[in-house]
Every structure is written in C-alpha cells, then in structure tokens.
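The following exercises invite the reader to study a protein structure step by step. Please attempt each task before reading its solution.

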Amino acid sequence: MKLSLNIFRTFFLAVLFSLALTACASEPDENSEDAAEDSENSDTAEEGEGNNGGGSSEDLVIATASDATGMDPHGSNDVPSSNVQTNIFETLVTQDENMEIQPNLATEWEQIDDTTWQFTLREDVTFHDGAEFNAEAVKATFDRIRDEDVGSPRAFLYEMVTEVNVVDDYTVEFVTEFPFAPLPAHLAHSGGGIISPDVIEEDYAMMEEGEDPGSYIDENPAGTGMFKLQEWDSGNEVVLEKNEDYWGETPDIETVTFQVTPEDLTRVAELDTGEADIIFPVSPSDTSRVDNMENASMYVQDSLSLEYISFNTQKEPFDDKRVRQAISMAVDKDQIVDGIMEGAATKAVAPIGENVFGFSDEVEGLPYDPEQAQELLAEAGYEDGFSTTLWTNDDRERQDIAEVVQQQLQQIGVEVEIEVLEWGAYLDSTAEGEHDMFILGWSTVTGDGDYGMYPLFHSDNHGEPGNRSFYENEEVDSLLEEARREGDEEKRAALYEDVMEILVEDAPMIYSHHDDYLVGVSDDVEGFWKHPNGLYQLQDVSISE
C-alpha cells in the first residue's frame with residue numbers, strides 16, 4: 001500500500017485527535033502531542049492483557065512497530081522477523097554482549113585447518129516436533145540455506161561453505177572454499193537457525209507441489225528454542241509459548257506476545273497502563289515521558305546499526321556518481337542527529353561504525369557543502385535540478401528525516417515527493433528496484449565488516465539480500481572477496497578501509513547515522529537486555545508480581 005505523506009498524516013492526525021481526547025480525560029498532565037511510527041497496521045492490546053493491566057505475571061507482552069514477515073529463519077532478512085525466530089530456532093554458537101563467541105547447540109569447536117571447522121554438538125536436544133537434534137539435522141539445515149531452489153536471502157552468509165559433513169552423530173564438519181575467519185560469527189547469526197529435518201522434508205514436499213519455499217515452515221516452525229509458536233495472527237500479533245522440554249534452563253515466563261502497534265503514542269500509552277511490558281522503538285521525543293513514568297523507564301543500548309538514504313544506482317539520474325555525491329553533500333546530517341534523533345545517534349561517515357571490525361577512523365565522509373553540490377549537479381547536466389521520489393515506511397523518525405531531506409534538497413533545485421509504504425510492501429518494492437531513493441537501516445549483527453558491507457554492496461546481492469541500491473563496482477567486489485578470504489586481521493582491516501574509501505567516493509547511499517536502541521521497559525520486568533545486534537534477549541526475563 002502506498003500513500004502520500006500528506007494523506008497519511010491527515011488520516012493519522014484525525015485518529016490521534018480522538019486518542020488525545022481520551023488521554024486528556026484520564027491523564028490531564030501528560031503531553032499528548034506526537035504522531036505515527038514504524039510498520040504494519042494492527043490492533044492494540046486488549047484491556048488487561050499486560051502485567052499491570054490485569055494479565056498474568058507469567059505472560060510477557062512486547063509492543064513492536066512491525067510484524068514478522070515469516071517464521072522461516074532462512075526466508076527473511078529483517079530484524080522484526082529475527083526477533084521472533086531467534087526464540088524458536090537456535091544456532092550452533094551465539095555471541096554475548098561483548099560479541100564474543102559462546103557455545104549454544106555446539107558445545108565446542110576447533111579449526112582443523114585453514115578451511116575446515118569441526119563442531120561438537122549437544123546430545124540432549126530435541127526439536128519442538130520431537131525430532132532428534134544431531135549432525136544430520138545440522139547438515140539438512142545448511143544444505144537448505146545454500147540450495148539455490150530455496151533462494152534464501154541469507155545464503156550469502158554461508159556461500160563460502162562448500163561442504164557440510166557428518167563425522168558422527170554429534171560431530172559436524174564445515175569445509176569452506178577459502179580461509180574464512182568470521183565463520184563462527186556467521187554461524188551465530190539468526191539466519192543459521194537449525195530447523196527440524198522433518199519440517200524441512202515437508203517443506204520440500206510442498207515446493208514440489210508448487211508452493212513457495214518456507215510455506216510449510218511458516219505454519220510449522222519447529223526449532224529447538226526455549227519458546228515455540230502458539231499463534232501468528234499476521235499483522236496483529238505473534239504468540240510464543242514456553243517449550244517445557246527445552247534442553248537448557250526453561251524460562252520463567254509462560255508466553256511472549258509480539259504485539260504489532262505501529263503508532264508511537266499508542267505504544268507509550270500501553271507501557272504506561274501496563275498493557276505492554278516492553279515497547280520498541282521509543283521515539284527520541286518520547287523518552288522523557290517514559291522515564292517519568294512511575295512504573296517504567298528507558299533502556300538504552302549502543303547498536304551495530306546504520307540508518308541510510310539510498311539511491312537506485314541503476315536509474316537516471318542516480319547512475320551518475322556526481323549526482324549521488326551532490327545529493328549526499330546537500331544533506332546536513334547534524335540536523336538529523338541533533339534535531340530528529342535528539343542526540344540518540346552518532347553521525348555516520350561510511351557504512352560501518354567504530355563498534356564493527358574493519359572500521360577505520362582514517363576515512364573521512366563527504367562534507368556538507370550545498371554550494372559544491374550545486375556545482376556537481378551542473379557538471380552532471382542538471383543545473384536546473386530535477387524531480388524525484390523518496391520512499392519511507394511508516395516510521396515517524398524516517399518520515400521526519402524524509403521531510404528534512406526534502407527541504408534541504410529543494411535548496412539545490414531538487415524537488416522531492418515523499419511516499420510512505422506499508423512495511424511488507426516497502427521491503428518487496430525496494431528489493432525489486434522500483435524506487436528512486438529510499439530510507440532504510442542495516443544492522444551488522446556479526447560485528448564484522450564482511451556482514452556490514454558484503455551484502456549491501458557486492459553485486460551478487462542485488463535486492464532482498466541487502467544491495468537494494470543495485471550498486472555495482474568490480475573493484476569493490478574484488479576487495480570484499482579478498483577481505484573475506486584473508487586470514488590476517490590487520491590485512492583484512494586494511495582491505496575494509498580501502499572499501500570504505502571507495503564507498504564514500506562512489507556514494508551509493510547517504511550514510512546518515514548509527515542509532516541507539518531506545519526501549520521502554522516496565523519496572524516489573526527483570527533480566528531483559530537487548531543485544532547490540534538488535535535482538536531481544538529473553539532467556540533470563542521474569543515479571544514480578
């Protein structure tokens with residue numbers, strides 16, 4: 001669904017006015033100004049659903065801006081889906097809050113030689129459907145991810161893997177085409193979630209009948225995780241229930257509801273009334289309201305994310321580097337970071353930030369220089385400017401960013417029409433390259449420059465895997481390939497510095513800022529934390545009476 005920004009906001013302000021009347025009746029001292037936020041259309045939680053609103057202390061409600069697009073961990077590449085999937089499916093290894101590799105379904109591992117890794121598996125694990133977890137199950141999962149007929153958007157994570165071999169029932173071997181140091185970090189990615197081999201077999205059977213890959217898994221997502229799917233009401237909520245047969249320590253909470261609440265103020269109100277226990281995201285302009293609640297407070301976490309404004313480099317005029325540079329130099333990032341984000345972000349110079357391996361502070365971004373931007377446009381043949389469109393999803397900060405960019409580009413003669421798309425349509429349309437410009441984000445979940453740049457800029461990854469700018473540069477391809485083959489960390493870092501320099505110069509996107517994660521959490525919730533990769537950590541969560 002596509003709406004103009006003015007139509008979208010006119011509609012929403014009408015709804016907001018009616019909500020504000022209700023809010024003022026019960027909370028006359030609360031600030032009730034503000035508008036719309038992230039993603040899908042949904043219903044708000046029913047009265048009494050949350051802890052403080054009369055619900056059970058064993059039921060956790062997380063109000064989120066966007067719905068999952070699927071349950072298949074190999075079938076999507078977005079954070080809202082991963083936040084659900086990571087509780088159902090587990091990976092061989094995991095990363096702690098310091099991005100250090102820790103055991104998970106694998107208890108230990110070693111690198112046998114430059115291209116061979118061996119993993120020892122847990123022996124006391126079963127899938128939600130009763131199937132046994134063993135080396136054959138691991139092989140079935142990774143064979144599926146790499147199957148071209150499945151077409152997983154996460155296949156790039158494991159495209160260096162040439163063989164997955166069963167050594168014995170609880171030992172599995174990964175053979176790579178070349179030495180690949182970040183393999184354990186890639187195996188910690190939620191895209192490497194291990195699926196029941198019986199479910200995989202059923203999914204292939206449905207594919208033979210003409211169904212899309214993942215159709216069976218979306219309905220029957222059987223992993224080994226501490227939660228399993230109870231219900232998915234698409235567009236409204238996903239409900240997970242405790243896995244009583246979990247191999248590890250079972251969680252204290254009985255159910256987790258990922259409740260889709262697109263509107264900022266509604267999420268904040270749900271936290272205030274206890275209808276939600278956790279809300280994300282919180283708009284920077286709403287953080288003080290949450291911190292002033294008697295029953296909740298803000299949780300702030302540094303992130304590995306990048307917010308960017310991308311060009312379709314296959315379309316005129318953005319196929320001209322000078323035009324891309326001009327647009328980049330006409331956008332004042334300080335207005336975005338200090339004004340819209342209210343300081344809850346760090347200005348970006350390139351795709352990866354200082355928390356990601358491969359970042360170099362020797363790289364300088366393009367300066368804010370509207371005069372030089374106009375000179376570049378004239379040099380490219382657009383001295384009178386041009387008209388274009390800028391897409392965003394229904395996220396308040398992104399819409400505000402779009403308006404700021406619209407105003408700033410008008411100063412150099414570029415007329416921008418803003419279009420707001422529903423989340424699912426937004427992902428589909430940008431993956432198909434239907435856009436001129438768009439605003440999106442990327443989280444470098446592995447903490448490594450390979451994941452921060454290979455999917456976004458390698459020409460093999462156009463569309464859904466990450467390269468929605470449809471950028472092509474043979475030198476960048478070559479450097480990224482060399483970097484993932486290089487075993488020496490210093491040499492790898494130098495290669496990523498070279499890539500960053502080219503990407504600043506080529507400007508396939510405006511590298512806007514690195515967000516802080518802003519989460520509202522009820523004071524009754526204990527043990528919650530959010531990983532720098534953006535995923536909720538629920539294993540130790542409890543809710544006090």
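Five exercises with worked solutions follow, and they concern a predicted model.

**Exercise 1. The chain as a whole**

Task: State how many helices and strands the chain has, and what share of its residues counts as buried.

Solution. Begin with the secondary structure: there are 16 helices and 23 strands in the chain. Next, consider burial: 59% of the 545 residues of the chain count as buried. Then turn to the surface, where the chain exposes about 21,600 Å², with carbon and sulfur atoms supplying 40% of that area. Finally, examine the contacts between residues at least 6 apart in sequence: 72% of these join residues at least 24 apart.

**Exercise 2. Two residues compared with the cut-off**

Task: Determine whether T257 is buried or exposed, and do likewise for D72.

Solution. First, locate T257, which is part of strand 11 (residues 255–260). Its relative accessibility is 8%, and buried means under 20%; T257 therefore counts as buried. When neighbours within four places in sequence are left aside, T257 is in contact with L60, V61, I62, E237, V238 and V239.

Second, locate D72, which belongs to the loop between strand 2 (59–64) and helix 2 (79–88). With a relative accessible area of 4%, D72 is buried as well. Apart from residues up to four places away in sequence, D72 touches Q85, R144, I195, G214, I217 and D218.

**Exercise 3. The end of a helix**

Task: Find the helix that holds Q410, and decide which accessibility class applies to this residue.

Solution. Q410 lies in helix 12, which covers residues 396–410. The relative accessibility of Q410 is 44%. Partly exposed is the class between under 20% and over 50%, so Q410 counts as partly exposed. As a further step, compare Q410 with S387: the two are 23 residues apart along the chain, and their C-alpha atoms are separated by 9.7 Å.

**Exercise 4. Salt bridges**

Task: State how many salt bridges a search of the whole structure finds, and describe three of them.

Solution. The principle comes first: side chains of opposite charge can pair when their charged atoms come close. The search of the whole structure finds 19 salt bridges.

One of them joins the side chains of D143 and R146, at 3.1 Å from N to O. D143 is partly exposed at 28% relative accessible area, and R146 is partly exposed at 25%.

Another is formed by E505 and K321, whose closest N and O atoms are 3.6 Å apart. This pair links distant parts of the chain, since E505 is in helix 16 and K321 in helix 9 (residues 321–330), 184 residues apart. E505 is partly exposed, with 39% relative accessible area, and K321 is partly exposed, with 32%.

A further one connects R396 with E397, the closest N and O atoms being 4.0 Å apart. Both of these residues are buried. Salt bridges with shared partners join D264, R267, D286, R396 and E397 into one network.

**Exercise 5. A charged surface patch**

Task: Identify which residues form the negative surface patch, and where E364 lies.

Solution. The negative patch is formed by D302, E354, D361, E362, E364, E475, E482, D498 and E501. Helix 15 (474–485) and helix 16 (489–506) each contribute at least two residues to this patch. E364 is located in the loop between strand 15 (345–347) and helix 11 (370–379). Its relative accessibility is 64%; since exposed means over 50%, E364 counts as exposed.

Technical notes: Residues are numbered from 1 along each chain as its sequence is written. This is a predicted model: local features need pLDDT of at least 70, side-chain atom pairs count only at pLDDT 80 or more; totals for chains, interfaces and linings use all residues. Side-chain values use heavy atoms; hydrogens and water are left out. Patches are made of residues with over 30% relative accessible area and no salt bridge: like charges are joined within 9 Å, nonpolar side chains (Val, Leu, Ile, Met, Phe, Trp, Tyr) within 5 Å. Accessible areas come from the Shrake-Rupley method with a 1.4 Å probe; for residues, only the protein chains shown count as cover. Lys and Arg count as positive and Asp and Glu as negative; His and the chain ends are not counted. The place of a charge is taken as NZ of Lys, CZ of Arg, CG of Asp or CD of Glu. Helices (H or I, at least four residues) and strands (E, at least two) are DSSP runs, numbered from the N terminus. Buried means under 20% relative accessible area, exposed over 50%, partly exposed in between (1.4 Å probe, protein chains only). Contact means heavy atoms within 4.5 Å.
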